[in-house]
Structures are given as structure tokens and as C-alpha cells.
Amino acid sequence: MFKKILIANRGEIACRVIKTARRMGIQTVAVYSDADRNALHVRMADEAVHIGPPPAAQSYIVIDRIMEAVRTSGAGAVHPGYGFLSENRAFAAALEAAGVVFIGPPSPAIEAMGDKITSKKLAQAAGVSTVPGHMGLIADADEAVTIARQIGYPVMIKASAGGGGKGMRIAWQDDDAREGFESSRNEAAASFGDDRIFIEKFVTQPRHIEIQVLADKHGNCVYLHERECSIQRRNQKVIEEAPSPFLDPTTRKAMGEQACALAKAVGYTSAGTVEFIVDGSRNFYFLEMNTRLQVEHPVTELITGVDLVEQMIRVAAGEPLPFAQADLKINGWAMESRLYAEDPYRNFLPSIGRLTRYRPPVEGPTATGGIVRNDTGVFEGGEISMFYDPMIAKLCTWAPTRAGAISEMRIALDAFEVEGIGHNLPFVGAVMDHPRFVSGNITTAFIAEEYPDGFRGATLDGHTIRRVAAAAAAMNRVAEIRRTRISGTMDNHTRKVGDDWVVSLQGESHPVRIEADRDGSTVHFPDGSHHRITSDWTPGQPLARLMVDGEALVMKVGKIPSGFRLRLRGADLKCHVRTPRAADLALLMLEKAPPDTSRFLLCPMPGLIVKINVGIGDEVQEGQALATVEAMKMENILRAERRGIVSKIKAAVGASLKVDDVILEFE
């Protein structure tokens, strides 16, 4: 076994590998750029080596810099994580030439499967069904349009060396194909140093289901069942689960066997993932093989009990797999929510800044028989950089059933405190409550279909609102008692807190009467119903854990005049708790209108202006591309929301802008 391994990566995956290596008694070496000097993975490793400036193209994906770190540290093996150099054949070959073990597949397998065009041809030869498409490279935008027409719209434009949703666009017409080709090529060049593009048919109403495989150097290959990854935004996975709620045992077995057949055909060893598109009739088509550890591997670990990182290390050290296919059963259900530094209220645009508060839920067994796991690479007080992917953490839950895993995830998301940056916690919380997701009736079009106008926050159902209203009334009573108590005097000098209140939230008002005792409060509603509230919450605590009629309710709490700001289940509520008289007077108050910014094109995220499409005096139409902003390695095209004439251009190509900086002004 290796004495020391270097992790050629950063963030949560570097931390994840370090945890397993530490448990195995293996020393670890971290690498870091200037931006990551104080990063969590650097703190966790036994030693760390500086590799260059913040941009990945000058540090994390420079093979010579990583090789120098290997030589300096004396590491006997390298784990690449995912992204960066994890599927780079030249990197694996360089390690092999230096006598250093690559904790991953052989370089020929990376070459064969890492290129999407080559992998499709090999899959066809191995008898794996593939999506129809153009298997050759595309020279320019005009050729992209011609090929797209031949295949038939819609088509998927993809970077041959791509991954993680980068360098991918869906085209529904010629203009989309031309624009998508240019953006995909630019993103591919920036992210992978390879701008080759190909086109395939886009299967409508598809489900994205992938098979985890694990192969050793002794001819053994197994599949660890499947992961459903259909909840995607911009081709980037957001929520994953294992197993899939859609597959039956026959389809699962067929997909697993095909995945193993493909792995054996290319001499694959280590952990890998074969991705499929599955239609409504359970027909499945090969998409690609990821020759590395997947982001969503924790859900597979939770349902199988297999530590995939440990097995990768052991396989690389020459050990045979300790189990056969028949040993790998599905135990329970697991969910993963990816926490991203992106603002769901601004069309999920990237957000950067300092984490002024970062308090994940407690990991381990839960009171209700589930498990919570959080893979992260950040800490409170740390910064989210503009130079890397916006992932903050991967929150996972396990339970014996799918409904139980969803319930555990709801509570864990509500208990996850993140402040200082925009993040997608509200969105994933809303998805967990969405009836279509709960039913398992999902496709990769779920987000586009259910949130066509973007995410504007969740609306809680009537039952949940009543539970929240009752909880807020009980919390307000605790706060009122504290406010009215006179410091240093006896209780008989304390003004009595009333029993009758009006709770206003989500556009509704709920008159309530509170009946309190030593153990909690019973909150009565006018229709005769009531809720029993117990909690140890005290004013000032930002997280309230309550029991409402014996069921858990967790809310993030902030103070506002006459009430609270409450956040749960994807909803962000202004909850006012007033006396009946104050509630009557509040109805007479006017609301302040937000400022009118319709005359400006504002930068929706911190980023770099890479293109201005219009000039002063140009008349633009609704939907027309106005500018392109690059942030976190993704190009974002900003479009006109209405007709107008450009009167001023406030930003130039190459400028770095902050959120809400003005780019253009209209007459």
C-alpha cells in the first residue's frame, strides 16, 4: 500500500479523498493556487505544495506544475479527483513514465473513453446502444447548422473533451446552433484546452441515469447499480439519487452488464461511470463514460456501503476487488443536493464572496433513523472564488425508503445555514417539496418545465403555512416575554404578555390564541383547530428547531419589525406577529415600490465582459443578445427583455464588473 498520495485537485473532492486516505493510514499532499492558500483541503492535508496563480490554466491543469509537486513531496501515487486533470491522458502517461501510480484507469482507457466521439464508436463496437448523431468534428458554425439540419432539431452541441455541463448547448433552430457552437467551443477551450465540437440528437423527455462500475487489474468488473441524475440545470446536475425510481430490475441488470462490457472492452480499471439517456419506455442509449470518480458518488456509497475512494486506491495498489456482483445489494435510498454559490433569484447566476456564516447540519445518524452526510471544501469565513466551479458542498441523506430520504433531506436543507453569498439552498428545498419530484415523475427537462420563468421562491401549502404560523406565534410569545421583562426585578413587575395575536405571512392573516404551559404552547385557530408547539428556541438564535404536533419543523430565523424573517422549504417569508389592533392598523400602511431599472442592462453577477453585441444607437428586439459575461468558467449571454434603443455603453470588453454594475443604458 502507498505511504503517501498527492491529490491533484481542490475543494470538496480533495477533502473527500484526504478523509479516506487518513482512515487508511496514508499520508496526503495537497496542491494549491494563490487563491487557495488558506483553503480547507490545504489545512486538512499532511503537507501542501504551491502550484501557481489562481486561474486553473496556470495552476491546477498545468501538468508540469503538478509533476514538480509530486517530485518535491515524494508522493508514490496521485488521486486526480474529478475535473481538472482527472481525465487527461497526457497527465496519466506522465505519471506512469515517472514511476508514480495514477489512482485511476490506464492512460489508453482514458484516451478511448475521455473523447466522446471515440467512445461512441467503441460503444457501438461493444454492442452498446448509442444516441444518433454526427460522429465527426465540426469545423465552424455554418457546418454546425448544416449537420444540425441533417440530424433534425433539437440537437445537442457538445465539447468532445467536455464534462460537468461545460461546452454543452441545446439547439432548437439554426440561430441556436450557430450561437451554441461558438459558446460551446469557447467554453471548451477555456475549461479543457480542447475546442473540438460534435453534435448528436437531443432526446426529448429523457431521464439521465448512470451506472457506477468498478474494475480491478485481475479481470474483475462489477456495477454498483445506478444513480438518477435527471434534475439538471444547464446540463449541470443539481440533485441525484440512488437507486432510480424509474428502473426495474431487468433494465438495471441490462444497463449494468452493458456498462461492464464496455469497461472490459477498453481494459478499464478503477472506478468509472457509464452514463445513459433513458426514454419513457426504458430504452437506454449510451452517452459517455466518465473515467474518474463522479461528483455524485456519495449516494452510491450510501446504498452499497462501499467506499469508492478506498477501492480506487486499493485497485491502483494492485489489490483485487473484495466482492463479486452478487454481493452488491441495494440498501435503502440516498439523495444528494448540490449546494452551489449561485443566486436562484437571478436565474442561478454565479455568486462570489465571503461565507459570513456556514453551519451545515450535523452529520451522522438522525433521530428518525436516517443518515446525513455533507461533503464540503469550505468553512465559515472562507471565500468563494470566481476562478473555480461554484460548488460549496454536497448534502446527502439516506433512509430505508425514497420518501424517508426526501424527508431527511428537507430537514437537513432547512437546517443548513449559509450567509454572505447567493446560494441555491432555497431552490433545492423547493424541489424536495414539488409533487412531481416526490412522485418520481422526472426528466432532464424538469427544471425548464416546472420553473420556465426562473425561480421566484416557493409557495408553501396551506397545511405547512398553518404549522409555520403556529410556530411563529409561539416564538413571538417567547420573544415578548424577554422584551417585557425588567432586568433585576421580580416576575410580578413583568408586564403580562397577551394571548391573542394575528400572524400574517404569504399574503394571509391568521388570528390565533396561545395557551401556554411549562412544557410548550398550544396555538388555537378560529376554526377550532390547534397545533402543539414545543421548542428550546430563544430570541437571537438564527435557527429554530421545533416540534409541531410531534413532527420536526426547522426554520432559519431573522428579526424584522413586528415579526420574523423565516426561511424553510424554499420559501423566504416575512412573518408579522401583531396584536389584533396593530394588525388592523397595518392594513392601512402603503408598500414601498422597488426602483425602476428597466432602462439599464445590469451585470447579474461578478464577472468579465467578453463580448458587447450592440453599439450606441442600435435598436434591439426582445430576446436579442446584448453582451456576454464570463464567470466561474461559464459564458452567460445577456439578452434584451424588451424593444429599445441603446443610448450609452457603460462597460468595455475585458472589464471586471460587480453585481448590478451598469453595462448598457437604453433611451
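Here are a few friendly notes on two sheets, a helix pair and one loop residue in this predicted model.

1. **The parallel sheet.** Let's begin with the open sheet of five strands, whose order is β3-β2-β1-β4-β5 and whose pairing is parallel. Its edges are taken by β3 (47-52) and β5 (101-102); each has a single partner strand, so one side of each is left without a neighbour in the sheet.

2. **How β1 meets β4.** Within that sheet, strand β1 (residues 4-7) runs parallel to strand β4 (residues 77-79), and three bridges join the two. If you want a pair to look for on screen, try I7, whose bridge partner in β4 is H79.

3. **A helix across the strands.** Which strands does helix α3 lie across? Helix α3 (residues 63-73) lies across β1, β2 (27-33), β3 and β4. Its direction is at about 150 degrees to that of β3, the strand that stands at one edge of the sheet.

4. **The antiparallel sheet.** Further along the chain there is an open sheet of four strands, in the order β33-β40-β38-β35, this one with antiparallel pairing. Here β33 (600-602) and β35 (619-620) are the edge strands; each has a single partner, and so one side of each lacks a neighbour in the sheet. Two bridges pair β35 with strand β38 (residues 644-649) in the antiparallel sense. On the residue level, V620 has G644 as its bridge partner in β38.

5. **Two helices that cross.** Helix α7 (residues 141-151) and helix α8 (residues 174-192) have axes that come within 8 Å and cross at roughly 130 degrees. That angle makes α7 oblique to α8. The crossing of α7 past α8 is right-handed.

6. **What lies between α7 and α8.** From α7, the residues A141, D142, A144, V145, A148 and R149 take part, and they meet D174, A177, R178, F181 and E182 of α8. By residue class, this contact divides into six nonpolar and five charged residues, with no polar ones.

7. **A loop residue worth a look.** Where does F379 lie? You will find F379 in the loop between β21 (371-376) and β22 (383-384). Leaving aside neighbours within four places in sequence, F379 is in contact with N38, A39, L40 and R43, and also with L355 and Y358. As for Q124, its C-alpha is 46 Å from that of F379, and the two residues are 255 apart in sequence.

Note on methods:
Residues numbered from 1 in each chain as written. Predicted model: local features only at pLDDT ≥ 70, side-chain atom pairs only at ≥ 80, totals over all residues. Heavy atoms only, no water. Pairing = 2+ DSSP bridges. Contact = heavy atoms within 4.5 Å. Axes fitted to C-alpha atoms, helices over the stretch in contact; angles between N-to-C directions. Parallel < 35°, antiparallel > 145°, perpendicular 65-115°, else oblique. Left-handed = near helix turned anticlockwise from the far one by under 90°. Nonpolar A, V, L, I, M, F, W, Y, C, P; charged D, E, K, R; others polar.
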